[in-house]
Amino acid sequence: MAKFIAAIDQGTTSTRCMIFNHSGEPISNCQMEHEQIYPKPGWVEHDAIEIWSRTKDVIHGAMERAGLLARDIAAVGVTNQRETTVVWDRKTGQPYYNAIVWQDTRTDTICDELAGEGGQDRFRFTTGLPLATYFSGPKIKWLLDKVPGLREAADIGDALFGNMDTWIIWQLTGGISGGVHVTDVTNASRTMLMDLENTQWDDDILQAMTIPKSILPEIRPSSDPNFYGCTTNDGPFGGEIPVCGALGDQQAATVGQVCFSPGEAKNTYGTGCFLLLNTGPEIVRSKSGLLTTPCYKFGEEKTVYALEGSIAIAGALVQWLRDGLGLINTAAEVESLARTVEDNGGAYFVPAFSGLFAPYWRSDARGAIVGMTRYLTRGHIARATLEAVAYQTREVADAMEADAGVTLKTLKVDGGMVDNELLMQIQADVLGVSVTRPKVSESTALGAAYAAGLAVGYWKNTDEMRQNWGVDKVWKPSEDDTARTQNYAMWKKAVTRTFDWVES
């Protein structure tokens with residue numbers, strides 16, 4: 001058997017290829033950023049062709065750094081930014097329009113119109129999701145309605161839709177020369193077009209959104225022993241390798257953190273912030289503003305579900321301090337700057353740049369810094385930035401405990417922001433529970449590798465994966481409860497100040 005598993009992690013700000021050994025250790029990594037396109041306030045786009053180009057580059061880079069050939073790779077897994085929507089021509093491979101990113105709010109009018117018949121929860125029982133600009137379905141409808149000639153192309157079968165998993169897999173398996181048009185249950189669920197119970201496209205919702213089923217990919221397991229397809233000899237891997245694992249990025253991180261038992265939870269700190277709780281084969285319907293979503297489906301086994309709290313802005317807030325305000329030169333500087341002060345100086349930063357996601361689902365909200373006085377310094381703003389991530393996570397954790405009836409004992413964390421040790425301590429203080437960082441913090445790529453490796457027998461079962469997980473560091477909450485009582489109450493007050501900013 002080949003020695004390694006390759007994972008492609010196509011994220012919101014960058015794409016990486018990581019190669020893992022049987023112990024779940026990365027032996028090679030190559031990462032490249034891509035452009036963020038902001039045509040109008042609230043609009044966020046990506047160039048799908050640029051993303052595929054970056055994908056090819058990082059595959060070449062990771063393989064060359066490890067000195068590997070295609071025969072050394074047993075399988076390929078893909079994980080991706082969810083909900084980001086691209087529609088392309090199956091004959092030419094050219095997108096009809098830029099990819100519309102999950103953070104984009106242009107579909108607010110469409111969502112309002114759809115909510116006119118049944119409210120924001122019109123499709124929640126079927127899909128587990130509220131009507132919100134976050135999800136792919138309204139984005140597809142916007143493209144079909146607004147891009148000249150696209151609806152006609154869809155009607156005759158020339159147009160293909162995909163989130164980024166589908167786009168990358170189609171390209172890896174041949175593109176215009178026979179690429180397979182597939183997605184997995186986790187990504188399909190984020191379109192607001194899939195029935196949670198039977199994990200198939202729902203005809204009634206498709207009709208309501210006027211989306212032809214012909215444009216949609218086939219829904220497959222997250223780990224598929226029958227393979228989606230194989231890479232091509234003229235592709236970036238330079239040989240035929242099974243492509244057989246796919247998971248939306250947050251579900252992939254849950255798998256990478258080996259949260260295979262009901263009640264186990266993880267939080268990923270990336271561009272956004274996402275807390276997932278495994279609920280097993282049971283569909284738990286949220287009453288507290290959370291999402292119900294597939295967690296993973298391995299082969300012919302039953303689909304495993306999760307409750308999810310989605311936060312739009314986490315690492316993106318630090319990126320904005322760097323690129324938008326020039327307050328810092330590198331993302332890592334936010335920690336040292338925040339350490340120059342002992343507290344937030346009375347300032348609270350609510351980063352509702354794309355509205356508020358869980359548990360509020362308020363597309364009318366916009367970002368605000370409240371409590372400002374002349375006393376504030378750059379350090380206080382940096383500290384308030386980190387606290388915003390921690391407070392948003394606390395709100396989601398509270399909602400999760402209410403829905404699932406479980407008390408959080410510890411929180412497994414991963415993603416780019418977990419290197420920020422001040423943030424991790426703030427998070428422990430705000431939650432009042434320990435925060436645990438694993439030895440491999442890039443759990444998203446590892447989860448995609450696990451899904452692919454399981455499909456080809458590289459890992460025999462989930463027990464083998466559990467054996468790979470190890471603790472790097474634990475942060476325990478402070479005995480001083482100010483962060484989780486008084487400061488948290490002020491945060492909740494600050495959030496209300498962002499409501500109703502955007503008027504219809």
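Let me start with Q392, which sits in helix α12, residues 378–404. Keep in mind throughout that this is a predicted model. Is Q392 buried or exposed? Its relative accessible area is 9%, and since the cut-off for buried is under 20%, Q392 counts as buried. What does Q392 touch, once neighbours within four places in sequence are set aside? The contacts are I311, I313, P351 and W491.

A second residue to look at is D9. You will find D9 in strand β1, which covers residues 4–10. D9 is also buried, with a relative accessibility of 9%. Leaving out residues up to four places away in sequence, D9 is in contact with S14, T15, R16, T79, T444 and A445.

Now to strand β1 itself. How many of its residues are buried? Seven of seven, so the strand is mostly covered, because each of them falls under the 20% limit. That holds for both faces: on one side F4, A6, I8 and Q10 are buried, and on the other side I5, A7 and D9 are.

Which strands does β1 pair with? One is β5, residues 73–80, where the pairing is parallel and runs over seven bridges. As a point to find on screen, A6 in β1 is opposite V76 in β5. Another partner is β2, which runs antiparallel to β1 and is joined to it by six bridges. Here I5 has F20 of β2 as its bridge partner. The two strands β1 and β2 make a hairpin, with three residues between them.

Next, the pockets. The largest pocket holds about 940 Å³ of space. Its lining has 38 residues, and T13, Y269, G270, T271 and G416 are the closest to the centre. Several elements supply at least two lining residues each, among them β2 (14–20), β3 (26–33), β15 (265–269) and α14 (443–455). Helices α9 (249–256) and α11 (333–338) are also on that list. Which element gives the most to this lining? That is α10, with five residues. Sorted by class, the lining of the largest pocket comes to nine nonpolar, 18 polar and 11 charged residues.

The second largest pocket has a volume of about 570 Å³. It is lined by 23 residues, and those closest to its centre are Y38, V44, Q103, W320 and F353. In this pocket too, α10 gives the most to the lining, again with five residues. By class, the lining of the second largest pocket has eight nonpolar, 10 polar and five charged residues.

Last, the chain as a whole. How many helices and strands does the protein chain have? There are 16 helices and 23 strands. Along the principal axes, the C-alpha atoms fill a box of roughly 60 × 50 × 45 Å. The radius of gyration is 22 Å, and a compact globule of 504 residues would have one near 23 Å, so the chain agrees with that expectation. Of the 504 residues, 64% are buried. As for contacts between residues at least 6 apart in sequence, 72% join residues at least 24 apart.

To go back to the start: Q392 in α12 and D9 in β1 are the two residues to locate when you open the model. After that, follow β1 to its parallel partner β5 and its antiparallel partner β2, and then find α10, which gives five residues to the lining of the largest pocket.

Methods. Residues are numbered from 1 along each chain as its sequence is written. This is a predicted model: local features need pLDDT of at least 70, side-chain atom pairs count only at pLDDT 80 or more; totals for chains, interfaces and linings use all residues. Side-chain values use heavy atoms; hydrogens and water are left out. Helices (H or I, at least four residues) and strands (E, at least two) are DSSP runs, numbered from the N terminus. Buried means under 20% relative accessible area, exposed over 50%, partly exposed in between (1.4 Å probe, protein chains only). Contact means heavy atoms within 4.5 Å. On a 1 Å grid over the protein atoms alone, a cavity is a set of points where a 1.4 Å probe fits but cannot get out, and a pocket is an open set with protein on both sides within 12 Å along at least five of seven lines; lining residues have an atom within 4 Å of a point. Grid points are joined across faces, edges and corners, and a volume is the space filled by probe spheres set on the points. Ala, Val, Leu, Ile, Met, Phe, Trp, Tyr, Cys and Pro count as nonpolar, Asp, Glu, Lys and Arg as charged, and the others, Gly among them, as polar. Two strands pair if DSSP finds at least two bridges between them. The radius of gyration is taken over C-alpha atoms; the globule rule is 2.2 Å times the number of residues to the power 0.38.
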